[in-house]
Each structure stands twice: as C-alpha cells, then as structure tokens.
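Please open the model in your viewer and get ready to select parts of it as we go. We will walk through it stop by stop.

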Amino acid sequence: MLDSFEILTTSGVVLWSRSYAPTSPSIINSLITNVFIEERTLPGAGIADDVSAANNPPYKHDQHTLKWTTVKELGLIFVAVYRSLLHLSWIDKLVDNIKTLFVDLYGDQLKKPHTTLVECHFDEYFDQQIRELEKTALNQDSRVAESAALVEEAPPSISQSSGDEPPPLPGILSRGQSKNAFKDLTSNESTPVATPETSRPSTPAGHILTGKAGPGGKGSRRARKAANAPSAHASSGEESYAKKNRAGKAAAPKKGRKWNADGLADEDSDTPLDYSAPANGATSGEDEVKDRSGAVEEVDSKSWGSKTGGRFVLKDLDDQVQSILASADAKKSDTAAAPAGIVGSSLSAIGGLFRNVVGGKTLTKEDLDKAMKGMEDHLLRKNVAREAAIRLCEGVERELIGVKTGNFESVQAKIQTAMESSLRKILTPTSSLDLLREIDAVTAPSAVSLQKPRPYVISIVGVNGVGKSTNLSKICFFLLQNKYKVLIVAGDTFRSGAVEQLAVHVRNLKDLTAREGGEVELYEKGYGKDAANVAKDAIAVAAQKGYDVVLIDTAGRRHNDQRLMSSLEKFAKFANPDKILMVGEALVGTDSVAQARNFNAAFGSGRSLDGFIISKCDTVGDMVGTLVSMVHATNVPVLFVGVGQHYTDLRNLSVKWAVEKLLSSN
Amino acid sequence: MAAMGRLVHALLNPSPLGLAIAILLAITIPIFLHSVVFRSSGLITLPSILLIGPSGSGKTSLLTLFERGTKAAATHISQTPIAVECSLPVGSVANSDRYRSENDPTNQAHKKFLLVDTPGHGKLRHHALENITNPQNLKGLIFLVDAATLSAGDEGLRQTADYLHDVLLLLQKRATGSKAAKALKEIPVLIAANKMDLFTALPAALVKSSLEAEISKVRTSRSKGLLDSGIGMGDAEDEKDDWLGEMGSINFKFSQMEEFDVSVEVVGGNVAGGEGPTVDKWWKWISERL
C-alpha cells in the first residue's frame with residue numbers, strides 16, 4: 001500500500017499530505033536533491049510540464065520507491081511514496097489524477113503572489129481516487145463471481161479505463177486489497193481474506209481506510225441520534241460538514257458492516273439504514289437551515305429522488321472528479337490537434353513574428369527547435385561531448401517550453417540565459433571544496449571530537465598521459481607552500497621510469513620549498529609490486545613519522561580495460577583515500593564522458609570519485625567543454641584546473657570564468 | 001461622401017456640445033490615467049527581509065511560521081526563492097512608526113513587509129547572493145543557522161561558516177566597492193540560532209564564538225588557497241583582496257563588520273518544538289529594522 005502522498009511546492013512548503021505509515025522526510029528530501037537540484041538520475045524524463053508520472057523514472061531510496069510528477073508553471077511537485085517490495089500498478093494513474101484534480105481545484109489560489117497559504121480540503125478527493133483506483137486494480141485481478149456487483153457500482157469511466165490497466169497484481173497485494181476494499185463481497189465466499197498481517201508488514205493503509213469506514217458508520221449513526229435528540233451539539237457547520245462526509249464514507253462499505261457485525265448486528269440490517277439516511281438529511285436540514293441550507297436542500301432532494309441512502313455525497317464527488325478529469329483529457333487532446341484555418345494560421349504567424357521581436361511570446365517546441373540546434377552546435381564547438389551537449393539542450397528546452405519571453409527579449413537571449421544558469425548549476429559544487437581546511441580537520445582535529453590525528457590521503461587516477469604525476473607535484477607544491485609535511489607514494493609500479501620521474505619532482509620540490517618550511521619525501525618500493533599494498537604500507541609509515549598529507553600516484557590505465565580497472569577497487573579498499581581525484585585532459589573530446597563514468601564506477605559500490613583535475617586548460621583556449629562533459633556525466637565537482645607548465649599553474653575552478661568561456665561566441 | 005463632409009463640418013463647428021465634450025475629456029483623462037497607471041503600479045515597494053542560511057536550518061519553516069502566526073508548515077528542501085507578505089504581530093511597533101501618536105489610525109494597521117526565502121542548497125545559493133547585491137528596499141538579513149550542528153569540528157559548522165563568510169564578504173565588498181558619494185543603506189544581519197529546543201543546541205553566545213572562530217579559519221585558508229582560474233590568465237579583472245573584517249587581525253569578530261556598516265547580532269530561538277515556537281526576539285529585531 002501507499003505509505004504517503006505529498007503535494008509540495010518548489011519553494012519547499014508542503015501544501016497537502018496524507019501519510020498512512022510514518023515516513024521520514026529525508027526520503028522526499030533526497031528525491032528533491034538528487035532528481036531536481038543535482039539532476040543525478042538520468043534526466044531522460046524530467047522537470048517538464050505535463051509529463052505523466054509513468055514517464056518519470058521512479059526514484060528509489062532505502063526501501064521506498066517514489067513516484068512523482070510536477071506542474072512547472074505552478075511550481076508543484078506530487079510525490080507518492082510506497083515500499084519498493086510492493087508493485088502498485090495504479091500508482092501512476094493516481095499521481096496523474098491527483099495532479100489534474102489539485103490543479104483544477106486550487107490552481108487560482110496557487111497563482112496568488114506573496115503567499116504560501118492554500119486552503120484545501122483535498123482529503124475526500126484523495127480518498128475517492130484511492131478507492132476508485134484500488135477498485136479498478138482489483139477489477140483487473142479478480143475475475144471472480146462478484147464482478148457483476150462491481151460493474152454495477154463502478155462508474156462508466158472506470159470500466160473503460162480498466163481496459164488499459166496493466167496486468168494483474170501480485171497475489172499478496174490483491175488479497176490485501178480484496179480484504180480491505182471488498183471484504184463485503186469476498187468474505188461471503190471465504191476467499192483467503194484472513195491472511196495474517198505478518199505476511200504484509202507494510203500495509204497499514206488499508207486498515208486505516210477500512211478503519212475509517214467502520215467507525216465512520218458508527219459515528220454517523222451516533223450523529224444521527226444526536227441530531228434527533230434535543231441536544232444542540234450537532235448544530236455547528238463544521239459538524240454538519242463532517243457528518244455529510246461520514247455519511248458518504250459510511251455508504252460505500254455499507255454492506256461491510258454486516259461482515260463486521262459480530263456485536264453490532266442488531267440494528268444493522270439494510271432497511272433501517274435505508275430509511276434513516278433520508279431522515280438524517282431531513283433532520284440535519286431542519287437543524288442547520290441557517291448555516292448551509294442550500295447544500296442541505298440539494299442533498300435532500302437527491303437522496304429522496306434516488307432513495308439510495310447516504311450514497312449521494314459520494315456520487316456527487318465522483319461526478320465532479322470525473323468531469324474534471326474528463327475536461328482535462330479533452331483539453332489535452334484539443335491542444336494536440338489544434339486545427340487552424342489559413343487565415344488563422346497566417347495571423348498567428350504574423351503575431352508570432354511580432355512577438356518574437358517584442359517579447360511576451362509563449363515558447364513552443366517549434367520556436368525552440370532551431371535555436372536549440374544552434375546552441376547544441378555551439379556547445380559542440382566548445383568541445384562539449386555530444387552526449388552531454390544533447391542532454392543539456394534537452395534540459396534547457398524542457399525548462400523553456402511554455403515559458404513567456406520577457407519584454408523585448410528574443411528567443412535566443414532567453415535560451416542563452418537559461419543555458420547559462422543550467423551550466424552554472426552543473427558546475428557549482430554542492431559543498432565547499434576547501435582542501436586546506438579539510439586537511440586541517442583530519443590532521444589536527446579539535447580537542448572535542450574523538451578523532452585521532454592521522455595523515456590526509458589523496459590519490460590520483462586517470463588514463464595514460466593526462467598528467468597525473470605533473471598535477472600531483474603541483475598539488476604537492478601548493479601544500480608545501482602551506483607548510484605541510486607531504487609524503488609522495490610511487491604507486492605506479494608498472495611503467496618504466498615512473499618512479500624516477502617522481503624522484504625528480506621530489507628533488508625539485510625540495511629545492512624550491514626548503515626555505516618556506518615544507519617537507520617532502522618519496523616513498524617507493526621499486527617496480528612490480530602491488531600498488532594497493534605499497535599505498536597501504538606508505539600510509540602506515542606516514543602515520544608513524546607524522547606526515548600531514550600522503551599523495552599517491554597511480555599507474556595510468558585505459559578506462560575501458562576491465563582488467564586494469566578492477567585493481568582500482570582493491571586499491572580504494574586498501575589505501576582508503578580521503579580524496580580520490582581523477583585527472584582528465586581538456587583536450588579529450590567525446591571520450592571524456594566514458595572516462596569519467598568508468599573511473600567513477602571503478603571503486604566499488606560504496607566509493608566514487610571526489611573531484612576532477614582538468615589539466616592542460618591552457619592549450620585549448622575557449623574550448624573548455626571537457627569540464628562540463630565530465631561533471632555532467634558523474635556529478636563530481638571539478639577541484640582544480642591545470643593552466644600551465646609550472647608548479648604554480650594550478651587553479652581553483654571559477655564557475656563564472658568557465659561559463660563565460662563556454663558561452664563566448666567565436 | 002456628403003455625409004462625411006457634414007460630419008466633419010459639425011465636428012469642427014464651435015458648438016457648445018463640442019466644447020463640453022472637450023472640457024470633459026481634458027478633465028477626466030488625467031484623473032483616469034492617475035487612477036489606472038499610478039494606483040495599479042503600487043505606491044511603494046514593501047520593505048523586505050531576506051532569509052538565508054545553509055540547507056536544513058529552517059528557513060522555509062520560519063517563513064511559514066511568520067506568515068501563519070501559530071504553527072509552521074511541514075517543509076522540504078526548497079528549490080526556488082519565494083517572497084511572502086508578512087505583517088508584524090500585534091503589540092510590536094515598527095521602528096519607523098516610533099514617533100507616531102498612539103491614536104494615529106494608521107498605527108492600527110499592521111506593518112507589512114516581504115519576507116524572502118532562499119534555497120540553501122549549495123548549487124542554488126546564487127539566488128540568495130543576487131538578492132544581497134541587488135536589494136529592493138532590503139531592510140535586513142536573517143541568517144539562520146542550526147544551533148544543534150555547530151559543535152566544534154562538526155561538518156555543519158564548516159558549511160555554515162563558509163556560507164556566512166561569503167555573505168559577509170559580499171556585504172563588505174558592497175560597502176567598500178561603491179564609488180558613489182551617497183552612502184549606501186546599511187544592511188544589518190541577524191544570525192538566528194534556530195532549533196534551540198534541541199538538547200544538543202548551543203546557546204547563542206557559544207554559537208557566536210564558534211562561528212567567529214570558524215570564520216577566522218575560513219579566512220586564513222582562503223587567503224592561502226589557490227587563485228581562481230581566470231585570474232592572471234590574460235583577461236584578469238583586478239580582484240581586490242578578499243579579506244573579511246579588519247586587515248591583519250588574527251581572530252575574526254563580528255564587531256569588525258561594523259566598520260562596513262554591517263551590524264551583526266546573534267539571537268537564539270526555535271521555530272518548531274514541543275512547547276511551541278519562540279521567535280519573539282526575532283520579531284523584535286525585525287520590528288526595529290522596519
């Protein structure tokens with residue numbers, strides 16, 4: 001069963017929620033961070049408007065699965081949370097229907113500026129939808145004898161929609177549902193209703209539903225008595241509202257009371273119910289003529305007309321919901337096939353041209369297509385990998401469809417700003433990347449925390465020839481200038497000359513920083529040893545001798561060579577570095593995405609890259625697209641940028657600089 | 001054609017009717033324009049207070065609490081900024097109304113202001129930072145911190161101090177960077193130590209001292225860190241020194257910001273909690289700034 005359902009705004013306020021089981025807010029928070037802000041899951045379907053929940057990939061967190069959809073113009077997000085073990089085929093439809101209903105009912109309230117308040121009494125609509133969809137799902141599954149009764153009960157639209165519902169639910173669920181929703185029918189035949197709850201640990205919702213219906217019935221009876229009695233406690237408007245509600249709820253599982261009826265059976269036969277409901281309407285009508293006379297009158301006449309007891313409210317709601325959903329469907333199909341005569345089309349074309357210049361035009365896919373193509377080419381020229389460029393453009397396009405351009409703003413300008421903000425969002429790291437403070441926190445933890453000081457371990461990986469050793473020595477130089485004691489570990493035990501190369505770097509660094517107080521040593525065990533073991537030993541030595549930072553060089557490896565990459569997992573386990581940095585060259589084009597992805601995945605499930613160093617940025621001029629490709633593929637931030645041949649030519653990434661370069665046109 | 005001519009003739013005649021219409025138009029058009037254009041544009045922009053702070057400090061909760069008055073709504077991580085019209089609670093008087101008579105009928109109306117919430121997620125902080133540099137009648141800045149995550153050596157303290165450092169640095173640059181002779185309006189900062197109801201929360205004084213200590217660390221490590229890319233690579237704009245507070249001082253103190261017309265106060269409170277919210281001191285701070 002559903003665990004919870006929430007409707008929230010993009011500004012973070014929960015407008016309406018219903019929870020059947022306690023769910024931690026962190027579940028939905030993680031959905032927001034990962035899907036909406038960091039776009040970590042594949043943005044195949046996404047933030048676009050009018051995408052049904054079925055097209056949005058479900059998001060899994062812990063043991064929960066989240067189904068969601070959004071309404072962009074109102075800034076709404078609809079999320080349904082349920083246990084991943086369950087397979088709820090109707091959940092997409094629920095989310096979509098709730099979206100349509102909510103927008104239709106409260107859309108104008110949501111458009112008001114400067115407020116977060118939305119008056120909504122959405123509970124009954126939601127309950128109605130749940131009931132209906134569960135019914136539909138059950139209809140699919142149980143082709144049992146009672147179908148006749150069901151069809152009679154179900155509104156026409158349901159029996160229609162049942163045709164395109166997915167195939168049967170797993171038995172366990174259907175049993176649960178049949179128990180919950182249709183116990184009246186199934187119990188008579190003693191189908192496996194009485195399955196123990198222990199087999200379904202996570203379906204309290206159904207109980208809540210039925211639990212509500214049961215006491216609801218009782219409550220309404222009590223209320224009726226109260227209304228008949230001279231006591232005045234039922235005279236408030238609130239009470240009558242609730243009563244109406246309860247009466248409605250009580251009506252659906254009316255027969256269910258009989259099933260339930262161990263002790264209550266005496267006054268539960270159909271006839272008194274049938275008889276008392278109109279009476280109820282009448283009495284309450286008399287009671288609260290002043291308050292809600294209109295509503296009550298209406299209800300009265302209907303219930304008399306149909307003589308079906310308290311069902312009228314439910315029917316009413318059903319009809320309203322059906323009409324809302326139907327009109328939404330109609331609207332959609334209308335826009336899909338928008339017919340226009342010659343005059344109309346040419347007029348709109350002229351208007352479109354005019355608006356193109358003046359602004360105030362609502363952007364459509366056609367408007368954007370050409371300009372987006374131009375933007376894509378532009379990004380490709382900047383050496384952004386094709387995959388990343390296409391996905392970036394798709395994201396911007398989704399963001400812009402349906403948006404109005406400002407005054408005197410052309411489509412191009414709009415795209416330009418949207419692309420700028422989306423590039424900036426991608427490149428900005430989630431948390432600050434202050435390496436020095438992180439090192440300080442590890443090597444000299446505060447007295448209060450219980451951590452022991454230990455050396456900070458950084459390892460550097462990458463494909464062959466991108467400049468791992470060079471960048472390592474640049475970082476080393478930077479650390480030495482800040483007076484750290486650094487141990488460099490020659491983890492490249494494979495390539496001839498690699499150890500000697502590092503030895504030369506260490507000699508140079510020693511000479512350069514001797515005056516400034518830094519200290520650097522090389523740890524090497526020659527060639528042919530296992531790099532993971534060498535690294536482990538080196539860290540032990542560093543801890544012993546009181547080094548602050550350990551920098552581990554590794555052998556370059558081709559990212560699609562499984563044999564070479566597999567040793568990285570062991571390496572990550574043995575050395576357990578605080579930071580694993582990958583060096584990527586700015587020169588590489590399309591391959592950057594695959595490189596970043598493969599290296600990111602190579603360290604096993606619990607570990608990923610912590611940052612990129614993009615080397616050789618001075619050699620590409622404006623074409624710094626590799627930055628974007630790599631970050632886009634993995635969501636790992638760029639830590640440093642290599643901008644020259646000297647030890648000092650290492651820089652932090654300035655997002656502003658990168659975005660300017662990427663969007664500059666030449 | 002003849003009809004047309006007659007019409008023109010009639011129109012151009014100095015008839016009393018024509019005169020009356022002309023006078024009527026001459027009088028009504030300005031009134032009409034005034035009522036349509038001027039009224040609808042709104043006389044003044046409301047004074048606004050900006051809410052910033054790291055993610056999870058309770059900004060949106062505070063916003064809903066201030067709007068609804070009694071209880072904060074459930075919230076999740078924000079993605080977009082939102083401005084909400086709030087009014088001062090009964091009994092508090094805005095500073096600008098200080099000298100009004102108590103019997104002034106306009107005093108009865110609540111003073112209204114805009115409370116602007118910003119997302120605290122690392123990737124979305126530009127919303128907040130843009131609002132500081134480009135204020136529309138900005139009266140003050142509330143920096144919310146989660147007092148329960150500020151113990152020494154905590155990750156939360158580092159993130160918070162980083163963000164606060166950036167914000168204060170922006171305010172400082174705004175004060176020093178302006179070339180105009182007219183002095184800019186000062187923007188006071190309230191560091192609202194939220195979640196005081198939690199057991200692990202630090203008291204306001206401790207929040208202040210630990211933030212000051214951590215900002216000192218941020219400041220030194222920033223000064224020692226690498227340059228940003230783009231600087232010294234040809235098109236270098238001359239970046240000024242990014243030292244927050246008094247030059248040469250070893251420890252950062254919030255009082256050093258007063259040199260740049262930024263007064264910083266640390267006040268505790270809580271938005272949620274068993275015994276209801278305690279935000280009276282924050283209200284007081286706001287009313288003093290309006």
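Below is a short tour of this predicted model, with a selection to make at each stop.

**Stop 1: the sheet in chain A.** Begin with the open sheet of chain A, where 5 strands lie in the order β2-β1-β5-β4-β3. The pairing in this sheet is antiparallel. Colour β2 and β3 (59–61) of chain A next, as these are the edge strands, each pairing on one side only. If you look at how the strands lie across one another, neighbours are turned by 20° on average, direction ignored.

**Stop 2: one edge up close.** Zoom in on β3(A) and β4 (residues 64–71) of chain A, two antiparallel strands joined by 3 bridges. Which residue is the bridge partner of His61(A) in β4(A)? Select His64(A) and you have found that partner.

**Stop 3: the helices on the sheet.** Now add α1(A), which packs on the sheet and touches β1 (2–9), β3, β4 and β5 (76–83) of chain A. Its direction makes about 130° with that of β3(A). Then show helix α2 (residues 91–110) of chain A, another helix that packs on the sheet, touching β1, β4 and β5 of chain A. For α2(A), the angle with the direction of β4(A) is about 35°.

**Stop 4: where the chains meet.** Bring chain B into view and select the contact: 45 residues come from chain A and 38 residues from chain B. On the chain A side, the elements giving two or more residues are β2 (14–19), α1 (25–37), α17 (411–427), α18 (435–443) and β13 (650–652). Which element provides the largest share of that side? It is α1(A), with 7 residues, the helix you met packing on the sheet. Colour the chain A side by residue type and you will find 20 nonpolar, 19 polar and 6 charged residues.

**Stop 5: an annotated stretch.** Select residues 637–650 of chain A, where UniProt, in an unreviewed entry, places the feature "domain: SRP54-type proteins GTP-binding". This stretch is 0% helix and 43% strand, and its end C-alpha atoms are 16 Å apart.

**Stop 6: chain B.** Finish by showing chain B alone, with its 8 helices and 6 strands. Following the sequence, you will pass through α-α-β-α-β-α-β-α-β-α-β-α-β-α. Colour domain 1 (16–44) and domain 2 (46–98 + 105–225 + 241–289) of chain B separately; their centres, taken over C-alpha atoms, are separated by 46 Å. Of the 290 residues in chain B, 36% are buried.

How values were computed
Residues numbered from 1 in each chain as written. Chains lettered and ligands numbered in written order. Predicted model: local features only at pLDDT ≥ 70, side-chain atom pairs only at ≥ 80, totals over all residues. Contact = placed C-beta atoms within 7 Å. Helix = DSSP H or I, 4+ residues; strand = E, 2+ residues; numbered from the N terminus. Nonpolar A, V, L, I, M, F, W, Y, C, P; charged D, E, K, R; others polar. Domains from an automatic or database assignment. UniProt positions renumbered as here; feature names shortened; annotations may be inferred. Pairing = 2+ DSSP bridges. Axes fitted to C-alpha atoms, helices over the stretch in contact; angles between N-to-C directions. Buried ≥ 20, exposed ≤ 12 C-beta atoms within 10 Å, placed from the backbone.
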